[in-house]
Amino acid sequence: MQINRLRLQNFRQHENTEIEFGPGLTGIIGPNGAGKTTLLEAIAWAMYGMPAARGSRETLRRRGAPAKARVAVEVDFTLGAHQYRVVRSLNSAELYQDGDQSAVANSIGAVTERVTRLLGMTRDQFFNTYFTGQKQLAVMAAMSAPERAQFLSQVLGYERLRIAQERLKERRSSLRARLEGLRAGLPDGAELEVARKQADERLELAARSETAAAAASEAAEQRLAVIRPQWDQLQQLREAAVALEAEVKLADHKAAATSERAARLEQEAAEAAAARLKLEEVHRRLAPLPALRAEAQALERQAEAFAARRSYQAQVDEVRAHLGSIHERISRLPSKQLLDEVFIRVNGARASLTAATLESEERRTVWVRDAQDAQTKRQGLLDQFHELKDQRQRIVKAGAEGVCPTCARPLGQEYAKVLELLDRQIEEVRGNGNYYKQRIDQLQQEPATLTDTDQRRIALERELSDATAEQGRLNAQAHEAGPLREEQKRLLVRVGELEKAILGLVDSYIPDRHEAVVREVRALEPLALQAERFRAAAERGEAVAAELKAAQEAVVKTLAGIADLRTRLVGLGYSEVAFKQVREAEQAAERARRETELAVVRARAERSAAAEAVQVVIRRQVERDERERAATETAGELALHQELDRALTDLRDDLNSSLRPDLSDIASVFLSELTHGRYVELELDENYAATVLDNGFPQTVISGGEEDVANLAFRLAISQMIAELAGQPLSVLILDEIFGSLDEAHRSAVTNLLRSLADRFSQVILVTHIESLRESVDHVVRVGFDQATGVATVLDDPRGDRDVAA
């Protein structure tokens, strides 16, 4: 793998940075905090996403960048025979291959998965292979022996074997539980055979029972077929006899009714003859009745006219009284002059109230606005005071050697000036705050002018209310003038109409004569009703005689019909005793048929149940065979997993036994090359502690620089072993601040040794703050920080004075 180009857009300190990388030794040089390590973080983030970055997504955005500004990193790299370009932003990612415009992966998850597959390394393996920092050189020295063994196992990927064995253990437990469950639920074969034999015997018995029940049912059907024709014949004969008996009863009833009607008609004929004799006497007594009725009607009309005259006269008196009250109310109506005076008074009071209200609202608005302004300004000064105090505390906590928490720039000599400026601002804010506090206290009470204005406004409101009430009362009275005059005209017209109606009515009436005539008419009315009944009875006499003759003839005819019906009933020869005997025989045969049919149904149900029992036993046998087969397969799979676990255990033992010698051999080669043969052997003891050997003897005391060289050799050996396990050549090496404890001579020696290892590492990237190292590398990338803009600057070879970052 070789990194060719890196571009950062609004990523942490970098606004728009682009760097071209080539083979050989490249130095990224700049002061601490300028953004050097950010370049390495950007490479890892482009490859593996957020798990490879520090902080959250929003912390990646450059401070000061617009909210919607694009945050992106592009990395071009070579892997094998192919060129790749990965582009990752906060919300998307794409991976391109060999200059193709179409992405081979175009989502965040897909790009991370594809890069992991291309490199053959996880994120941790990538960092442990290609990246080495000063803190990582001696990382194992501070660990205990078990921690060092676990660390090596994790970075070399051996931990995955342990995880695989744990999963195998879980799978074996699951298989063992399944096998026990299958065997525990396996039915006994002998019991199934006995159950099968019993089910077959039950089925055979049920079949014989069904055959016997079918035969009995057929015999019952035959017996019923012999009896049923006799039963049907007797039923028909009985129906005919019942019908004749019903006709006889109906004829008897008809004969009785006809005889009764003839007797009633004879009585009516006698009553008609008597009524004709009485009718003549009644007519003589009713001779004066028509004249009396006519006189009563005439007197009734006179009484109605006299009553109407009296009613009209009463209405005239009532209307004249109402007219008097109307005249009185009209005389009390207010004059136009009085209405105008009240109107002027109301308008004057309303104008005064409006002016007073406006003045009160204006004074209150000024008072409330002043109080709110004072509150707002005091709260703003209070917030500013707390902010200044907090800012001063953070600067004091950072110290003169720290970084400004606001602009992220080093404080240095500006530390005292910044504190002095903050103290002046705090005192100024405190003075202004005290002034506005006093101002707020003064504005707590309403001003006296506002109170006087409100009192005057309240008095004007009462005056306007009184004047408005008086105006409303007078206007209501004035509005009554029109309706009162209209009512006066209507009443005058009504008086004329009533007097005119009175003129056409009689003014005399004799009540005594009217009452006497009515009494005589009422005395003769019952006699008139009696005469009407006698007349109706006399008129019906002839009709009653004809009906009586017809009724007598119908009686004779009905009696003859009854005799004929009784003769026919005797001729049928029906016997109720014989009918009951045949009916009992038919019911017994029918009952026997139903019982045999029920027996057939039960026998068939038993046969179906027996057949189902046979099928149940067969299914249980099939299920037993299936469970037995599944148990055999599960036992085989369990044995396979146990064998695989033993194989992995042997593999882990082999890898652990060869780990220390292999790492020691690779680290010894690196140590020999880095020390020019001064030390040729680096050994890992049983506790995985690295020891330098000199002619076969452990060197317990070495310098700090030599210790860093030994640690670097050991770290390079780990990286190469990880790369070989992943199937990738260790062609690129990125070293971040590894020269911290080396003097100038040793730093130069290490860079010269790294340059001499170009056949092993075709691309080496050094990240350091040491300026003197730029003369020892092939290519220099200078990283700085512009305090004015807060943006990192990157120069490609400062000696060429070419800026590659915007």
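Student: In this predicted model, which strand holds N10?
Tutor: The model is a prediction. Within it, N10 belongs to a strand covering residues 2–11. That strand is β1.

Student: Is N10 buried or exposed, and what is its phi?
Tutor: The relative accessible area of N10 is 8%, so the residue is buried. Its backbone angle is also of interest, since N10 is a residue other than glycine with a positive phi. The value of that phi is near 55 degrees.

Student: D98 is another residue other than glycine with a positive phi; where does it lie, and is it buried or partly exposed?
Tutor: Phi of D98 is near 55 degrees. The residue sits in the loop that runs between β6 (93–97) and α2 (108–119). Because its relative accessibility is 43%, D98 counts as partly exposed.

Student: How many residues of helix α1 are buried?
Tutor: Helix α1 covers residues 36–48. Among its buried residues are K36, L39, W45 and Y48. The helix is largely enclosed by the rest of the structure, because the number of buried residues among its 13 is twelve.

Student: Does the end-to-end distance of α1 agree or disagree with the span expected for its 13 residues, and what residue follows the helix?
Tutor: At 1.5 Å a residue, α1 should span 18 Å, and its end C-alpha atoms are 19 Å apart, so the two agree. The residue after the helix has a positive phi, near 80 degrees. That residue is G49.

Student: K36 is in α1; which backbone oxygens does its side chain reach?
Tutor: K36 is buried, because its relative accessible area is 4%. Leaving out residues up to four places away in sequence, K36 touches I28, I29, G30, P31, E737, V767, T768, H769 and V783. A polar atom of its side chain lies 3.1 Å from the backbone oxygen of G30. The side chain also reaches, at 3.1 Å, the backbone oxygen of P31.

Student: Which helix gives the most residues to the largest nonpolar core?
Tutor: In soluble globular proteins, nonpolar side chains tend to be buried together. Here the largest nonpolar core has 46 residues, and M1, V73 and V75 have the most contacts inside it. With nine residues, the helix that gives the most to this core is α1.

Student: Which residues does M1 touch, not counting those up to four places away in sequence?
Tutor: M1 is one of the residues with the most contacts inside the largest core. It touches residues far along the numbering, S731 and V732. The other residues it touches are M47, F77, T78, L79, L119, F126 and Y130.

Student: How many residues are in the second, separate core?
Tutor: This core is separate from the one containing M1, V73 and V75. It includes L152, A710, V764 and L766. Its size is 38 residues.

Student: How far apart are the end C-alpha atoms of α8, and which helices are included in what covers its buried residues?
Tutor: The 43 residues of α8 (289–331) should span 63 Å at 1.5 Å a residue; the ends are 64 Å apart, which agrees. The buried residues of α8 include L289, L299, V316 and I330. Among the elements covering its buried residues are α12 (481–503) and α13 (511–539).

Student: T258 is in helix α7; which backbone oxygen does its side chain reach?
Tutor: T258 counts as buried because its relative accessibility is 12%. Beyond four places in sequence, it touches A551, A554 and V555. At 2.8 Å, its side chain reaches the backbone oxygen of K254.

Student: How far apart in space are L464 and V346, C-alpha to C-alpha?
Tutor: L464 is in helix α11 (residues 448–479), and its relative accessibility of 12% means that it counts as buried. Outside four places in sequence, L464 is in contact with V346, A349, R350 and L353. L464 and V346 are 118 residues apart in sequence, and their separation in space is 6.3 Å.

Student: What is the radius of gyration of the chain?
Tutor: The C-alpha trace spans about 180 × 130 × 50 Å along its principal axes. A compact globule of 806 residues would have a radius of gyration near 28 Å. The value for this chain is 65 Å.

Definitions and conventions. Residues are numbered from 1 along each chain as its sequence is written. This is a predicted model: local features need pLDDT of at least 70, side-chain atom pairs count only at pLDDT 80 or more; totals for chains, interfaces and linings use all residues. Side-chain values use heavy atoms; hydrogens and water are left out. A nonpolar core is a set of buried Ala, Val, Leu, Ile, Met, Phe, Trp, Tyr and Cys residues joined through side-chain atoms within 4.5 Å. Buried means under 20% relative accessible area, exposed over 50%, partly exposed in between (1.4 Å probe, protein chains only). Helices (H or I, at least four residues) and strands (E, at least two) are DSSP runs, numbered from the N terminus. Contact means heavy atoms within 4.5 Å. The expected span of a helix is 1.5 Å times one less than its number of residues. A polar contact is a pair of N or O atoms within 3.5 Å; within protein, one must be able to donate a hydrogen and the other to accept it, and residues adjacent in sequence count only if both atoms are side-chain atoms. The radius of gyration is taken over C-alpha atoms; the globule rule is 2.2 Å times the number of residues to the power 0.38.
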